Amino acid sequence: MLRSAPTRVLVVGGGHVGLTTTLRLLRRARSGELRVTVVDPRGYMTYHPFLPEAAAGSIDARNVVVSLRRSLSGVGDGAEVVTGDVVRLDHAQRRAVVRTVDGAERDLDYDVVVLAPGSVARTAPVPGLAEHAVGFKSVEEAVHLRNHVLSRLDLAEASTDPAVRERALTFVFVGGGYAGVEAIGELEDMARYALRLHPGLTTSDLRFVLVEATGRILPEVGEGLGRYALGVLADRGIEVALGTTMTSCTDGCVVLSDGRALEAGTVVWTAGVKAHPVLEATDLPLDEDHRLRVGADLRVEGVVGAWGAGDSAAVPDLTRPGATCAPNAQHAVRQARRLADNVLAVLRGGRPREYRHADVGSVASLGLHQGVAELRGVRVRGYPAWLVHRLYHLSKVPTPSRKAGVLLGWVQAALFHREAVAMTALSHPFAEFERAARS
């Protein structure tokens, strides 16, 4: 009896959804049933909830990322990992064009495609934004921001010019959601701790400003906890400008919609995310927010052999009729598992099941030993919420080695305090050698 050829599955994106889906497919597939290819521009998965702690030095940056090749090797029949970007996807022809790291384009044929490219920063046409601001979506940005903040302390202490000191020690964060609040909380905490090593500076010299366009911060945790978080930030001297936007940030001058102008050497943009633009290069249906249209069973609407989940998919939330699932890790992991099971069910002649999961709550860190959490209607704040935040995300970090690395990092930071060394050369690692070569 002839054995049928394996079904070719293409997974676009190696983030939380892509990695979890692929691992489950490999573990549950029969021998020779599937041939899985994962395409991702980086070749590793980033656990985004821990980026603020990586930026603050509580966690080693290596423990925030997970190698796709290492995670997928030896699991089931294994998976091919292609490091590159999908530039076109013609589902009618079952073909994707991938630009690999060497700049060449490669055609990948498939039978089933799983689209999980994640999201990118949602920006606005603000003058100076591209030239003077930094995002907070990758571990590289987190490490750069840590080194940059610490280097501003060095600059301010070395300078006798009041204008230079003011600009160096003013830090503006735009966006009051999870990313913005957690980032400003952790980095302000780190900067305040680092002042112990800078006797020429005091906490009153630091100026951290959070700019939020709406009338509240952390809408995910409810209004009451949002007000509490606002109070915690205010008690630490962090300024919060609600109902305000940034209209310009050219040449180190941040102009706000309320008329204020701040001399700031650091601008961090955390004002939301949008669907990955790769979806625009496909022939698949998108909604008004340019997300993939999928049903509750995670199949692309009206299309055979195409599936989607995560930030770039408009997944119906069956627990809230008319709404879609929030773009968070809680839904991403569960959607990925259901997606993998449904793909296998359909391939074996079965019926897919709908994704249904009620949101169990939200957690957010406000810096060391401070946090807020809402778990199944129960509100927690302060140290207990901070502890819940850490334990929850520790349980969700992929692979035992990364869990151990995160835990050891916390123990080290608790026993020996954070390191406060600015490794600014990482942003320009060849500068010293280039100077030597030219001389």
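**Strand 2 and the sheet around it**

Strand 1 and strand 8, which covers residues 112-115, pair in the parallel sense over 4 bridges. One of the residues involved is Leu10, whose bridge partner in strand 8 is Val113. Helix 9, residues 329-347, packs on the sheet and touches strand 1, strand 2, strand 8 and strand 20. The direction of helix 9 makes about 165° with that of strand 20. Please keep in mind throughout that this is a predicted model.

Let me now turn to the sheet as a whole. In what order do the strands of this open sheet stand? The order is 7-6-5-2-1-8-20, with 7 strands and mixed pairing. Strand 7 (105-109) and strand 20 (306-308) are at the edges and have a single partner strand each, so one side of each lacks a neighbour in the sheet. On average, neighbouring strands here are turned by 35° against each other, direction ignored. As a general reminder, the strands of a sheet pair through backbone hydrogen bonds, and they may do so in a parallel or an antiparallel way.

I come next to strand 2. With strand 1 (residues 7-12), strand 2 pairs in the parallel sense over 6 bridges. Within this pairing, Arg8 has Arg35 of strand 2 as its bridge partner. From strand 1 the chain passes through helix 1 (residues 16-28) to strand 2, and this β-α-β crossover is right-handed. Helix 1 itself lies across strand 1, strand 2, strand 5 and strand 8, and runs at about 165° to strand 2. Strand 2 also pairs with strand 5 (residues 79-90), in the parallel sense and over 5 bridges. There, Val39 has Val82 of strand 5 as its bridge partner.

Why is strand 2 described as largely enclosed by the rest of the structure? Of its 7 residues, 34-40, 6 are buried, and that is why the description applies. Consider Thr37, which is located in strand 2. Its relative accessibility is 10%, and residues under 20% are called buried, so Thr37 counts as buried. Leaving aside residues up to four places away in sequence, Thr37 touches Val9, Leu10, Val11, Glu80, Val82 and Leu108.

Finally, I shall consider the protein as a whole. Its secondary structure comes to 12 helices and 24 strands. The radius of gyration is 23 Å, close to the 22 Å given by the globule rule for 439 residues, so the protein is as compact as a globular protein of that length. Of the 439 residues, 49% are buried.

Notes
Residues numbered from 1 in each chain as written. Predicted model: local features only at pLDDT ≥ 70, side-chain atom pairs only at ≥ 80, totals over all residues. Heavy atoms only, no water. Buried < 20%, exposed > 50% of the residue type's maximum accessible area, 1.4 Å probe, protein only. Helix = DSSP H or I, 4+ residues; strand = E, 2+ residues; numbered from the N terminus. Pairing = 2+ DSSP bridges. Right-handed = clockwise from strand over helix to strand, strands pointing away. Contact = heavy atoms within 4.5 Å. Rg over C-alpha atoms; globule rule 2.2 N^0.38 Å. Axes fitted to C-alpha atoms, helices over the stretch in contact; angles between N-to-C directions.
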